[in-house]
Amino acid sequence: MRTLQHLPSDRQESIARETLDIYAPLAHRLGMGKVRGELEDLAFRYVDPFGYEQVKTAVDAARDEDEQFLNSSSPC
């Protein structure tokens, strides 16, 4: 999943969908929550690129706000 950017787009989507349908649920059943989360995050970029960009933009904005808040608050 980490090297999908080097494949053609049709293969990227096929592998990402297979990962979401088979490997992420399997990792969840085996108690590998971190692996499942990473697989889902990596696959989301290729299955729904528009949705991925929207979520990425929202998360980046929230992170920036949080960092500004933390930097502006004075220590107690």
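**Exercise 1. In which helix is Ala-43 found, and is Ala-43 buried or exposed?**

Solution.
Step 1. Ala-43 is found in helix 2. The model is a predicted one.
Step 2. Its relative accessible area is 0%. Buried means under 20%, so Ala-43 is buried.
Step 3. Leave out residues up to four places away in sequence. Ala-43 then touches Met-1, Ala-16 and Leu-20.
Step 4. Take a pair separated along the chain. Ala-43 and Ser-14 are 29 residues apart in sequence. In space, their C-alpha atoms are 9.8 Å apart.

**Exercise 2. Describe helix 2: its span, its buried residues and what covers them.**

Solution.
Step 1. Helix 2 runs over residues 33-47 and has 15 residues.
Step 2. At 1.5 Å a residue, 21 Å is expected. The helix reaches 20 Å from its first C-alpha to its last, which is close to that value.
Step 3. The buried residues of helix 2 are Gly-37, Leu-39, Ala-43 and Tyr-46.
Step 4. Their cover includes helix 1 and helix 3.

**Exercise 3. Check the span of helix 1 against the expected value, then locate its kink.**

Solution.
Step 1. Helix 1 covers residues 9-29, which is 21 residues.
Step 2. The rule of 1.5 Å a residue is applied to one less than the number of residues, so helix 1 should span 30 Å.
Step 3. The end C-alpha atoms are 29 Å apart, in agreement with the expected span.
Step 4. Helix 1 has a kink of about 40 degrees. The kink is centred on Thr-19.
Step 5. Look past the end of the helix. Gly-31 follows helix 1, and its phi is positive, near 80 degrees.

**Exercise 4. Which residues of helix 1 are buried, and which residues does Thr-19 contact?**

Solution.
Step 1. The buried residues of helix 1 are Gln-12, Ala-16, Thr-19, Ala-24 and Ala-27. Helix 2 is part of what covers them.
Step 2. Thr-19 has a relative accessible area of 4%. That falls under the 20% cut-off, so Thr-19 counts as buried.
Step 3. Set aside neighbours within four places in sequence. Thr-19 is in contact with Met-1, Ala-24, Pro-25 and Leu-39.
Step 4. Link this to helix 2. Leu-39 is one of the buried residues there.

**Exercise 5. Is Leu-20 buried, partly exposed or exposed, and what does Leu-20 touch?**

Solution.
Step 1. Leu-20 lies in helix 1.
Step 2. Its relative accessible area is 28%. Partly exposed lies between 20% and 50%, so Leu-20 is partly exposed.
Step 3. Not counting residues up to four places away in sequence, Leu-20 touches Pro-25, Glu-40, Ala-43 and Val-47.
Step 4. Now compare sequence and space. Leu-20 and Pro-8 are 12 residues apart in sequence and 19 Å apart in space, C-alpha to C-alpha.

**Exercise 6. What lines the largest pocket, and where does Asp-41 fit in?**

Solution.
Step 1. The largest pocket has a volume of about 210 Å³.
Step 2. Its lining holds 14 residues. Asp-41, Leu-42, Phe-44, Arg-45 and Tyr-52 lie nearest the centre.
Step 3. Sort the lining by type: 7 nonpolar, 1 polar and 6 charged.
Step 4. Helix 2 and helix 3 (49-72) each supply at least two lining residues. The largest share, 6 residues, comes from helix 3.
Step 5. Asp-41 belongs to helix 2. Its relative accessible area is 55%. Exposed means over 50%, so Asp-41 is exposed.
Step 6. Asp-41 and Met-1 are 40 residues apart in sequence. Their C-alpha atoms are 9.9 Å apart in space.

Key: Residues are numbered from 1 along each chain as its sequence is written. This is a predicted model: local features need pLDDT of at least 70, side-chain atom pairs count only at pLDDT 80 or more; totals for chains, interfaces and linings use all residues. Side-chain values use heavy atoms; hydrogens and water are left out. On a 1 Å grid over the protein atoms alone, a cavity is a set of points where a 1.4 Å probe fits but cannot get out, and a pocket is an open set with protein on both sides within 12 Å along at least five of seven lines; lining residues have an atom within 4 Å of a point. Grid points are joined across faces, edges and corners, and a volume is the space filled by probe spheres set on the points. Helices (H or I, at least four residues) and strands (E, at least two) are DSSP runs, numbered from the N terminus. Ala, Val, Leu, Ile, Met, Phe, Trp, Tyr, Cys and Pro count as nonpolar, Asp, Glu, Lys and Arg as charged, and the others, Gly among them, as polar. The bend at a residue is the angle between axes fitted to the seven residues ending there and the seven starting there. Buried means under 20% relative accessible area, exposed over 50%, partly exposed in between (1.4 Å probe, protein chains only). Contact means heavy atoms within 4.5 Å.
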